[in-house]
Amino acid sequence: MLLAENPLPSSGEGIDNFAMRGRHSDASFMYKRGPSKDNINDFDREGSSVRLLNGKDIGNPSWKRSLPHILVATISSFLYGYHLGVVNETLESISINLGFSGDTFAEGLVVSTCLGGAFFGSLFSGWVSDGLGRKRAFQLCALPMIIGASMSATTNSLWGMLLGRLFVGTGMGLGPPVAALYVAEVSPTFIRGTYGSFTQIATCLGLLGALFIGLPAKEIVDWWRVCFWVSIVPAVVLALCMEFCAESPHWLLKRGRGAEAEAEFERLLGGLHVKSAMAELSRSERGDEADSVKLSELLYGRYFKVVFIGSTLFALQQLSGINAIFYFSTTVFKSFGVPSDLANICVGFSNLFGSVVATMLMDKLGRKVLLLGSFSGMVVSMALQIMATSSFASGSGALYLSVGGMLLFVFTFSLGAGPVPGLLLSEILPGRIRAKAMAVCMAVHWVINFFVGLLFLPLLEKIGAGVLYSIFAAFCVLAVIFVKSNVLETKGKSLQEIEIALLPSE
């Protein structure tokens with residue numbers, strides 16, 4: 001089984017594991033939140049001593065232990081990408097089959113209903129993941145996707161399709177914030193950025209998967225139903241495999257279940273690293289009672305700064321125009337005689353390639369550097385597209401500037417502005433508010449996403465592509481200034497170190 005423990009631990013690790021199993025009975029007392037000062041000091045000394053074995057640094061934990069858990073979690077991101085793209089190639093045949101062909105408003109509803117469901121799903125994701133745990137939140141995220149996809153695949157009316165898309169959207173809104181939380185909380189510090197990029201790669205693969213599966217839809221009657229049925233398979237796999245994955249030790253300790261948190265750290269990091277991980281986690285959890293977090297606490301006071309940074313990053317990500325570029329790319333390519341299928345494939349692979357490069361650079365260059373480089377590159381890309389719309393460019397020159405600028409924009413977006421905000425938020429948000437604050441920030445993301453999609457075409461007709469692209473470029477410049485002034489580099493820092501650096505004392 002992929003998630004099974006190694007039955008033959010290395011020397012030293014086996015001894016530590018054996019001793020640890022004997023401590024599980026009283027671990028819940030040792031790691032109970034709000035311990036006495038003496039217990040805290042003893043615990044800190046214990047945590048620092050475990051980093052050395054026979055006078056030598058034990059180094060980083062193996063990345064292989066946590067990788068299977070991360071891969072299962074990223075299935076939710078794959079589903080997110082798949083359901084975003086599933087109607088791109090199939091919408092025309094769906095409208096003919098269900099009797100609303102030529103009704104642009106109804107076609108828009110098929111797309112936007114999903115976004116509405118995602119808004120509500122993301123809004124409640126924090127309360128779900130804090131109340132039920134990260135594992136159960138993933139399984140709950142899969143349920144509406146299974147139900148919604150089944151409804152969409154079997155419906156014979158527009159209303160059935162809309163209801164199915166609403167269910168799917170709810171799961172889409174719930175999945176990404178929980179995935180970001182889970183990846184940040186179960187990943188070893190030295191590779192957390194790389195693992196965080198896996199969610200973006202999974203989203204790209206989902207988009208490309210939907211594209212390729214949907215290609216026969218224009219030739220084969222009712223093929224669009226197959227496209228919805230296919231999505232049920234990864235949703236079922238997510239729900240079943242998550243049962244065998246580790247629960248977040250952060251969530252367990254927050255709920256006062258210290259012994260279980262220690263056991264999960266053993267699965268994720270190995271026995272040699274459990275004591276230091278628990279010591280560090282407990283230091284950040286001191287006095288952090290498991291009471292409910294009020295919405296007002298997120299909007300002002302000591303938590304305002306981190307919530308503001310997170311919400312602004314997501315807002316600037318959407319105001320950069322990335323989704324408008326995705327929506328409009330087919331039209332741009334078509335205007336130069338490039339088939340829509342080829343256009344979508346080019347954009348999809350540009351997105352995927354940038355995400356893979358980001359994965360390799362995330363823990364080398366850092367989050368802040370990638371964000372600055374990404375938004376700066378997007379400014380240059382928008383400048384190329386602005387030039388393409390001007391009178392100075394015509395014919396083949398306009399083609400190269402427009403198509404090249406668009407592909408460069410998608411590539412530079414996927415280097416940082418795409419994968420970093422979700423990862424960065426899960427790192428900078430304090431443990432007590434992490435899930436609920438992530439929900440608020442993701443809700444901002446979906447609201448801005450909705451209005452950009454709604455207003456893009458009307459604004460394009462009224463003010464023209466050049467002016468609209470200039471507005472997007474201005475937001476990218478603003479993003480560079482904001483990141484430079486407000487974002488803390490989190491590369492190589494534990495979640496507890498980041499929390500201490502960002503959060504003012506009470």
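**Exercise 1.** In this predicted model, determine whether Thr74 counts as buried or exposed, and state where Thr74 is placed.

*Solution.* Step 1: take the relative accessibility of Thr74, which is 8%. Step 2: apply the cut-off, by which buried means under 20% relative accessible area. Thr74 therefore counts as buried. Step 3: locate the residue. Thr74 is in the loop between helix H3 (63-73) and helix H4 (75-85). Step 4: list the contacts, leaving aside neighbours within four places in sequence. Thr74 is then in contact with Phe198, Thr199 and Ala202.

**Exercise 2.** Describe how Ile213 is placed, covered and contacted.

*Solution.* Step 1: Ile213 belongs to helix H9. Step 2: its relative accessibility is 25%, so Ile213 counts as partly exposed. Step 3: residues up to four places away in sequence are not counted, and Ile213 then touches Tyr82, Trp223, Cys227 and Val230. Step 4: take the partner Trp223 and compare sequence with space. Ile213 and Trp223 are 10 residues apart along the chain, and their C-alpha atoms are separated by 9.2 Å.

**Exercise 3.** Which sign does phi of Asp222 have, and in which loop is Asp222 found?

*Solution.* Step 1: phi of Asp222 is near 65°, a positive value in a residue other than glycine. Step 2: Asp222 is found in the loop between helix H9 (192-214) and helix H10 (223-230). Step 3: with a relative accessible area of 33%, Asp222 is partly exposed.

**Exercise 4.** Classify the packing of helix H7 (residues 134-154) against helix H8 (residues 158-186).

*Solution.* Step 1: note what is needed. Two packed helices are described by the angle between their axes and the distance between the axes. Step 2: H7 and H8 pack at an angle of about 160°, with axes 7 Å apart. Step 3: angles over 145 degrees count as roughly antiparallel, and the angle therefore makes H7 roughly antiparallel to H8. Step 4: the crossing of H7 past H8 is left-handed. Step 5: sort the residues of this contact by type. They divide into 19 nonpolar, six polar and three charged.

**Exercise 5.** Treat helix H21 (residues 420-428) and helix H22 (residues 434-486) in the same way.

*Solution.* Step 1: the angle between H21 and H22 is about 150°, and their axes lie 9 Å apart. Step 2: this angle makes H21 roughly antiparallel to H22. Step 3: H21 passes H22 in a right-handed crossing. Step 4: name the residues. H21 contributes Gly422, Leu425 and Ser426 to the contact, and H22 contributes Arg434, Met438 and Cys441. Step 5: by type, these residues are three nonpolar, two polar and one charged.

**Exercise 6.** Is Asn449 buried or exposed, and how many residues separate Asn449 from Ile322 along the chain?

*Solution.* Step 1: Asn449 is in helix H22. Step 2: relative accessibility is 4%, so Asn449 counts as buried. Step 3: Asn449 and Ile322 are 127 residues apart along the chain, with C-alpha atoms separated by 9.4 Å.

**Exercise 7.** Summarise the whole protein: its helices and strands, its buried share, its contacts and its exposed area.

*Solution.* Step 1: count the elements, which are 23 helices and two strands. Step 2: of the 506 residues, 56% are buried. Step 3: consider contacts with a separation of 6 or more. Residues 24 or more positions apart account for 84% of them. Step 4: the exposed area is about 20800 Å², of which carbon and sulfur atoms supply 67%.

Notes
Residues are numbered from 1 along each chain as its sequence is written. This is a predicted model: local features need pLDDT of at least 70, side-chain atom pairs count only at pLDDT 80 or more; totals for chains, interfaces and linings use all residues. Side-chain values use heavy atoms; hydrogens and water are left out. Axes are lines fitted to C-alpha atoms, for helices over the stretch in contact, and angles run from 0 to 180 degrees between N-to-C directions. Helices (H or I, at least four residues) and strands (E, at least two) are DSSP runs, numbered from the N terminus. Angles under 35 degrees count as roughly parallel, over 145 as roughly antiparallel, 65 to 115 as roughly perpendicular and the rest as oblique. A crossing is left-handed if the near helix is turned anticlockwise from the far one by less than a right angle, and right-handed if clockwise. Contact means heavy atoms within 4.5 Å. Ala, Val, Leu, Ile, Met, Phe, Trp, Tyr, Cys and Pro count as nonpolar, Asp, Glu, Lys and Arg as charged, and the others, Gly among them, as polar. Buried means under 20% relative accessible area, exposed over 50%, partly exposed in between (1.4 Å probe, protein chains only). Accessible areas come from the Shrake-Rupley method with a 1.4 Å probe; for residues, only the protein chains shown count as cover.
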